[in-house]
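Hi,

Here is the structure I said I'd pass on. Have a look at it first, and my notes follow underneath.

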Amino acid sequence: MNKIFSARVAGRWDPYHGKYRPYVLPEDELKCSLLEDRMDKVIACAGCGKPVKFGESFTSLEIHTESGFGFMVCPMCIDQEIERARDAEAMRQEEE
Ligand SMILES: [Zn+2]
């Protein structure tokens, strides 16, 4: 199947602008995931696409399905998301 047609699109929350933007999941053979029944199942991090074990991944604060479920991301990506959320919150408080 053509790769472009098989690409899955999620929504990515932009904490600075307070809205979702379309986001193509970084999938190849490994798929991004919301939930697995095995902790040792290897999935693709929804943020960077690197392989990560489900049991070592975190629910993304930014990358969500249309109905708002979070995809799983690696420890590095969740750190960056938390950082951005704090950053955006600090910017909002400065504006008030
Ligand atoms: Zn990642």
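Arg84 counts as partly exposed because it has 16 C-beta neighbours inside 10 Å. The cut-offs: 20 or more other C-beta atoms within 10 Å of a residue's own makes it buried, 12 or fewer makes it exposed, and partly exposed is in between, with C-beta atoms placed from the backbone. Arg84 sits in helix H2 (residues 75-95), and its C-alpha is 7.0 Å from that of Pro15, although the two are 69 residues apart in sequence.

Before I go on, this is a predicted model: local features need pLDDT of at least 70, side-chain atom pairs count only at pLDDT 80 or more, and totals for chains, interfaces and linings use all residues. Numbering starts from 1 along each chain as its sequence is written.

Overall, the protein chain has two helices and six strands, in the order α-β-β-β-β-β-β-α. Those are DSSP runs numbered from the N terminus: helices are H or I with at least four residues, strands E with at least two. Of the 96 residues in the protein chain, 21% are buried, and the C-alpha atoms fill a box of roughly 50 × 30 × 20 Å along the principal axes.

Now the hairpin. Strands S1 (residues 9-14) and S2 run antiparallel, joined by six bridges (strands pair if DSSP finds at least two bridges between them). Val9 is opposite Val24 in S2. Four residues separate the two strands, and Gly18 in the turn has a positive phi of about 65°. How many of the six residues in S2 (residues 19-24) are buried? Zero, so to speak of S2 as hardly covered is fair by the definition above.

Cheers
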